[in-house]
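Biologist: I have a new structure in front of me and would like to learn how to read it, one feature at a time. Could we begin with a turn and work outwards from there?

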Amino acid sequence: MAVTVAVAKEKSEGEKRVALVPEVVSRLTKSGVRVLVESGAGEEAYYTDGAYSSAGAEIMHDRKSILSQADVLLVLQPPAPAEIALLREKAIIIGFMSASKNVESIRKMKERKLTAFALELVPRITRAQSMDALSSQATIGGYKAALVAADYSPKLLPMLTTAAGTIRPAKVLILGAGVAGLMAIATARRLGAMVEAYDVRRAAGEQVRSLGARFLELQIDAEAAGGYARELTPEEKQKEQAMVNEAVSQADAVITTANIPGRKAPRLISKEMVSGMKPGSVIVDLAAETGGNCELTKAGGVVVENDVTIVGPLNLPGQIPFHASQMYSKNLQSFLGLVIDREGKLAVNFDDEILKGSLMVHDGEIRHAQTKELVEGRQ
Ligand SMILES: NC(=O)c1ccc[n+]([C@@H]2O[C@H](COP(=O)([O-])OP(=O)(O)OC[C@H]3O[C@@H](n4cnc5c(N)ncnc54)[C@H](O)[C@@H]3O)[C@@H](O)[C@H]2O)c1
């Protein structure tokens, strides 16, 4: 029987993205998949019910009935436990699971014997690149972070030579040159700023330089397995601190994106460092959600201290909902290729490396060790 894929309107606060866009719906329906879309699911990202319906989706007004008919529910964030209770036993949920924020929902998925695939756990192997939603959304977050920095800055970013005098280019410092950091560098460069960047992974230096920015070198290499950062030793931390300190004090804007997967974000900018910054300078802390790279960051808020504005945005990709949804939806389309066969039928190969890596809940068990501890340790 053809599989029923469902998309309900996202309920988490400020979430404007939608898991599927009409273009991807059309590909699914052409391959025989039945697609249900809750009325208004895409409206905040500017995808209309009409566009979904032209793509072959059934638009439904009754959220409960969408949830109860879904074989596969596609989400940005898991629904609340009461809604998970409406899903069929053995239904599949695919999306970001953000387990630490959704402990009760994950517990409910386990109780209901659902299968949940967490996109943030998709292994970063070549075959999975088109499914890498962490990267697609970080790309958008990095772009928006540079715009936010420019917006809060009292200065122009580009160098200007005008009849009213010459303006020096602003100095933008990017801490953490992963996917988001590199996009922030590229965007700040396009806005005409002088850009410097720092990352504990020396390999990032080449990418930073190729974008026309200066890489702050420290004589250590903290790249661990899988291309992620390891934690630094106390001596390394001290050296790093001195170098970053100096660069921060010179910057007009600092964009921080440093993360260590599964842990609290590393603290890179202390209160004292903020007090050494130039008046009018700006910090945009992309790690606000995981504890912040700056000591003064308020998650979801803006703090002004010592004439320095510290912005701690949550869900920046959600502020560019049209393209964030489009990219996320393409990631899901690729992922669904591992779950649904060419005839539009459910065909999940649990031995596939990508599915194995991203499987969070299955058959009444939490399969991801860290999440299991988080959920079952709190009962
Ligand atoms: N499919 C793939 O092969 C694939 C896809 C995406 C990313 N990657 C690679 O994975 C790596 C991580 O990417 P990400 O953007 O998801 O990373 P992330 O969001 O986990 O972290 C962001 C950056 O912060 C850096 N960081 C951590 N601690 C720091 C500190 N104390 N000071 C300064 N910087 C610090 C990390 O090195 C990383 O570059 C990168 O090498 C990236 O190129 C590979």
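Modeller: Let us begin with the hairpin of β14 and β15, where two residues lie between the strands and N306 takes a positive phi near 55°. Please keep in mind throughout that this is a predicted model.

Biologist: In which sense do β14 and β15 pair, and over how many bridges?

Modeller: The pairing of β14 with β15 is antiparallel and runs over four bridges, and one place to look is V302, which stands opposite V311 in β15. In general, the side chains of a regular strand alternate between the two faces of the sheet.

Biologist: Which strand does β15 run parallel to?

Modeller: β15 is joined to β13 by three bridges, and these two strands run parallel; within that pairing, I283 has I310 of β15 as its bridge partner.

Biologist: How should I read the order of strands in the sheet that holds them, and which strands stand at its edges?

Modeller: The order is read from one edge to the other, and here it is β11-β10-β9-β12-β13-β15-β14, an open sheet of seven strands with mixed pairing. The edges are β11 (214–215) and β14 (302–305), and each has a single partner strand, so one side of each is left without a neighbour in the sheet. At the β11 edge, the partner is strand β10 (residues 194–198), which pairs with β11 in the parallel sense over two bridges, and A197 stands opposite F215 there.

Biologist: Which strands of this sheet does α6 touch?

Modeller: Helix α6 packs on the sheet and touches β9 (171–175), β12 (253–256), β13 (282–285) and β15 (308–311), while its direction makes about 155° with that of β13. Helix α7 (residues 179–190) lies across β9, β10 and β12, and runs at about 165° to β10.

Biologist: At what angle do the axes of α6 and α7 cross?

Modeller: They cross at roughly 40°, and the axes come within 7 Å. α6 and α7 are therefore oblique to each other, and α6 passes α7 in a right-handed crossing. If you want to find the contact in the structure, look in α6 for residues including S135, A138, G142 and L147, and in α7 for residues including V179, G181, M183 and A188. By class, the residues of this contact divide into eleven nonpolar, six polar and no charged.

Biologist: How does α6 pack against α11, and at what angle?

Modeller: Helix α6 (residues 133–152) packs with helix α11 (residues 321–336) at an angle of about 165°, and their axes are 9 Å apart. Angles over 145 degrees count as roughly antiparallel, which means that α6 is roughly antiparallel to α11. The crossing of these two helices is right-handed. On the α6 side the contact is made by A133, S136, Q137 and I140, and on the α11 side by H323, A324, M327, Y328 and N331. The contact of α6 with α11 has five nonpolar, four polar and no charged residues.

Biologist: What is the strand order of the sheet of eight strands?

Modeller: That open sheet has the order β3-β2-β1-β4-β5-β6-β16-β17, again with mixed pairing. Its edges are β3 (58–60) and β17, each with a single partner strand, so one side of each is left without a neighbour in the sheet.

Biologist: How can I follow the pairing from β5 across to β17?

Modeller: Start with strand β5 (residues 92–95), which four bridges join to β6, the two running parallel, with I92 opposite T115 in β6. Strand β6 (residues 115–118) then pairs with strand β16 (residues 359–362) in the antiparallel sense over two bridges, and A116 has V361 as its bridge partner in β16. From there, β16 pairs with strand β17 (residues 365–366), also in the antiparallel sense over two bridges, and V361 stands opposite I366. β16 and β17 form a hairpin with two residues between them, and D363 in the turn has a positive phi of about 55°.

Biologist: Which domains does the assignment give for the protein chain?

Modeller: The domain assignment gives domain 1 (4–121 + 323–365) and domain 2 (138–319), and their C-alpha centres lie 34 Å apart. Six residues from domain 1 and four residues from domain 2 take part in the contact, and the side of domain 1 that touches domain 2 has one nonpolar, two polar and three charged residues.

Terms used: Residues numbered from 1 in each chain as written. Predicted model: local features only at pLDDT ≥ 70, side-chain atom pairs only at ≥ 80, totals over all residues. Pairing = 2+ DSSP bridges. Axes fitted to C-alpha atoms, helices over the stretch in contact; angles between N-to-C directions. Parallel < 35°, antiparallel > 145°, perpendicular 65-115°, else oblique. Left-handed = near helix turned anticlockwise from the far one by under 90°. Contact = placed C-beta atoms within 7 Å. Nonpolar A, V, L, I, M, F, W, Y, C, P; charged D, E, K, R; others polar. Domains from an automatic or database assignment.
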